[in-house]
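Visitor: Before we discuss any labels, could you put the model up, so that each term can be set against the value behind it?

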Amino acid sequence: MENANKEIKDSIEKILRKIRETRKQKGLSHESMAHELNMSASSYNKLERSETTLSLERLLKIKLILDLPFSDLFELKTSDIYNQDLKDNAIGHLDSNDNTI
């Protein structure tokens, strides 16, 4: 359980670091983010420093404000995502004479 808690804490820190970096890259202040999120600048600062819990709703709002794709936010490698599309509409199978059974 201790390893799981450490992994969760590390993941949260990475997400918050990505939010902070993206906010700075886009030239947004703590105050502007706080205003967009209907919270005080002090509360937003605590959120970025992981001193308060980030709710899922607030995370999704931040994602929209920063125009940050999930793949970037969660550091997902899209090259590791595989899509499979089954397009075989055949019914039955072919016998040795190429006749559908």
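Guide: Let us start with Glu48, which in this predicted model has a relative accessibility of 4%.

Visitor: Why does Glu48 count as buried?

Guide: The term buried is kept for residues under 20% relative accessible area, and because Glu48 has 4%, it counts as buried. Glu48 belongs to helix α3, which covers residues 41–48, and its side chain is joined to that of Tyr44 by a polar contact of 2.7 Å.

Visitor: What makes that pair, Glu48 and Tyr44, a polar contact?

Guide: The limit for such a pair of N or O atoms is 3.5 Å, and the 2.7 Å between the side chains of Glu48 and Tyr44 is within it, so the term applies.

Visitor: Which residues is Glu48 in contact with, leaving aside its neighbours within four places in sequence?

Guide: With those neighbours set aside, the contacts of Glu48 are Leu16, Ile19, Arg20, Arg23 and His30. As for the setting, the protein chain has 5 helices and 0 strands, and 18% of its 101 residues count as buried.

Visitor: Why is the aromatic pair of Phe70 and Phe74 called stacked?

Guide: A pair of aromatic rings is described by the distance of the centres and the angle of the planes. The structure holds 1 aromatic pair; the ring centres of Phe70 and Phe74 are 6.1 Å apart, with planes at 15°. Centres must lie within 6.5 Å for a pair and planes under 30 degrees apart count as stacked, so Phe70 and Phe74 meet both conditions and the pair is stacked.

Visitor: How do you know that Phe70 and Phe74 are partly exposed?

Guide: Phe70 has a relative accessible area of 41% and Phe74 a relative accessibility of 37%; because partly exposed lies between 20% and 50%, the term fits both residues. Phe70 also has the charged end of Lys63 over its ring, 4.6 Å from the ring centre.

Visitor: What makes Asn38 exposed, and Ser50 partly exposed?

Guide: Exposed means over 50%, so Asn38, with a relative accessible area of 71%, is exposed, whereas Ser50, at 39%, counts as partly exposed. Asn38 is in the loop between α2 (30–36) and α3, and although not a glycine it has a positive phi of about 55°. Ser50, in the loop between α3 and α4 (56–66), likewise has a positive phi, near 60°, in a residue other than glycine.

Key
Residues numbered from 1 in each chain as written. Predicted model: local features only at pLDDT ≥ 70, side-chain atom pairs only at ≥ 80, totals over all residues. Heavy atoms only, no water. Phe/Tyr/Trp six-rings, centres within 6.5 Å; stacked < 30°, edge-to-face > 60°. Buried < 20%, exposed > 50% of the residue type's maximum accessible area, 1.4 Å probe, protein only. Lys NZ or Arg CZ within 6 Å of the ring centre and 35° of its normal. Helix = DSSP H or I, 4+ residues; strand = E, 2+ residues; numbered from the N terminus. Polar contact = N/O pair within 3.5 Å; in protein donor to acceptor, adjacent residues only side chain to side chain. Contact = heavy atoms within 4.5 Å.
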